[in-house]
Amino acid sequence: MSNSASGRAQEQALVEILGVATALSGATDLRTLLHRILTTSRQLTHSDAGSIFLVERADPRREPQAEDQLWFAAAQNDSVQIAEGEQQLLAIRYPLTAERLVGWCAITGEVLNIADAYQLDPQLPYRFDRSVDERFGYRAVSMLTVPLRSTSGEIVGVMQLINRKHDPAARITPSVASQLVRPYDADDQRLIEALASQAAVCVERTQLFENQERLIDAIIAILAGAIDAKSPYTGGHCSRVPELAQMLAKEAAACSSGPLAAFGFADDAAWREFRIGAWLHDCGKVTTPEYVVDKATKLETNVNRIHEIRTRFEVLLRDAEIARLQGLLAGGDPQALAAGYEARRRQLEDDFAFVAASNLGAEFFDAGKVARLQQIARQSWQRHFDDTLGLAWEEHERRTDGGRRPAESLPVEEPLLADKPWHRVPRPAQQRPDPRHGFRLPVPELLYNLGELTNLSVSRGTLTEEERYVINDHIVQTIQMLEGLPFPRKLARVAEIAGGHHETLDGRGYPRGLSAEQLSIPARILALADIFEALTAADRPYKRAKTPSESIEILAGFRDRRHIDPDLFELFLRSGVYRTYAEAFLKPEQLDDVDIERYLCPAASC
Ligand SMILES: [Fe+2]
Ligand SMILES: [Fe+2]
């Protein structure tokens, strides 16, 4: 080659390498980049064929028996139609051993520049694998195999160029291959090593991205699992809601007509954003005390305080017995004393049965029941022991009002049931949400009100106003946590998607009271999935799981009251997502037939 010709070739090589470097900084699709690098490498060296293999390291912590592997990430051949064959090649995986050329190169990092692959010295520790030639009717002669070495020195793959041609346009056939090709020289090798290092950067960068995404996804799954593990009753909610939400989202994205026709996910990143939002939709529940989440009876704190109250009834019954015996000792009428004791015993049994039933929260607790409870509460019992002993400092402070409570002389008369000052647990300033988030959820004055009468008088369910706030506060915590995380731009909407699942179309949802216009389709999908999962979830302490038809009846009510999106509800029914989900996740005995015609809007279509 003349000096000027050689100069032009070097110039072209430089331009090509710069082109690859530019492509590297712009694209993130590894396959496209590797194909570009392989094409450039082949063009610059007049190679007829070439492949890039990547190393896949086994993770012995997950699979102790697994071994490192090599697989085809790109394969090109000018003489063989490889387009369909490439799919087969890409499926081939070799164990990473030193016997084959590529394996030797990947393990030792040695560049192998071979004049004729079929004439390798049998004493060499590696051999040429002819199986690919045989499969495609090809003949490899000269070969250049170079390692892809990452910036940290790790070998992440191998680039192999095959058959450097005299004439770039020549077509290689097995019979004439030896005459048409020549060995690779030192210049080729230097050039290809430079391109191989660019390929290694591509691989390393992609693996970093993938590892980072895998790590984020694993942390999210751990968090969702931890929330589910907090409660044996709501367990599985955080992992089932994303399943249902994705089913519905796929149907919504597939709509090509109707009100959801314009909805879709722009790319994989948008899907991932939605998936993460769904996984994290209740992440604020890590802050919710278990006793509130699972509060099964009205007197429950960390224990069911009905036992403490029952002991007071026991005391009163013994007092009645003592009164009868003292009456006998004083010469009283045995029959009259026994009758008095009997009447008192029956009254105590009745009263306790009423208090115990009140504790369950199964029925609406009306004003008449509250009045009877207060009447029972007015009875008194005698306490002989100091109730400020054996307390943690916090409860001691509360019970003695910071030492200001006057000393009492024992015994004291105590009401049978009471709301005491120390039942009122004040709300610390840090337990108020940050006003910058724009939450409109009214915050109760107290953190907790443990008053016995207050709790037993709860009209519906088991939760006091303060505990209901604690439950609702999980969404405030969710939003605060997610808005505080530095999500990359592609995941910027995670907080919005996750944080809108308790908002309603009529603007009366929480915690922000957003309007319909402010609620995105993904947030609306999540709201519907959240309700359906919660209704059909099995084995809550206070309710049995609802069947699909019962749950859809309730959802239809929510649709009518503009709590949930009517178009998504329509799609939920028409697409059969409710049934697919139910069959996959509900107990077989829970399944029933749903007459969806009752709920469909006749004009709607998708
Ligand atoms: Fe929630
Ligand atoms: Fe939820």
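Two strands count as paired when DSSP finds at least two bridges between them. Keep that cut-off handy for the exercises below, and remember that this is a predicted model.

**Exercise 1: a strand and its neighbours**

Take strand β5 (residues 143–149) and work out which strands pair with it, and in what sense.

*Solution.* Start with strand β4 (residues 112–114): three bridges link β4 to β5, and the pairing is antiparallel. Three meets the cut-off of at least two bridges. To pin down the register, look at N113, which sits opposite L144 of β5.

Next comes strand β6 (residues 155–165), which pairs with β5 over seven bridges, again in the antiparallel sense. Here L144 has L161 of β6 as its bridge partner.

Now the connection: β5 and β6 make a hairpin, with five residues between the two strands. Check phi for G153 in that turn and you get a positive value of about 95°.

Last step, burial: six of the seven residues in β5 are buried, so call the strand mostly covered.

**Exercise 2: a helix pair**

Describe how helix α8 (residues 237–254) packs against helix α18 (residues 521–536).

*Solution.* For two packed helices, you give the angle between the axes and the distance between them. For α8 and α18 the angle is about 130°, and the axes are 8 Å apart. Angles between 115 and 145 degrees fall in the oblique class, so α8 and α18 are oblique to each other. The crossing of α8 past α18 is right-handed.

Then list the contacts: α8 contributes residues including L244 and L248, while I525 and F532 are among those from α18. Sorted by type, the contact residues are 14 nonpolar, one polar and three charged.

Methods
Residues numbered from 1 in each chain as written. Chains lettered and ligands numbered in written order. Predicted model: local features only at pLDDT ≥ 70, side-chain atom pairs only at ≥ 80, totals over all residues. Axes fitted to C-alpha atoms, helices over the stretch in contact; angles between N-to-C directions. Helix = DSSP H or I, 4+ residues; strand = E, 2+ residues; numbered from the N terminus. Parallel < 35°, antiparallel > 145°, perpendicular 65-115°, else oblique. Left-handed = near helix turned anticlockwise from the far one by under 90°. Contact = placed C-beta atoms within 7 Å. Nonpolar A, V, L, I, M, F, W, Y, C, P; charged D, E, K, R; others polar. Buried ≥ 20, exposed ≤ 12 C-beta atoms within 10 Å, placed from the backbone.
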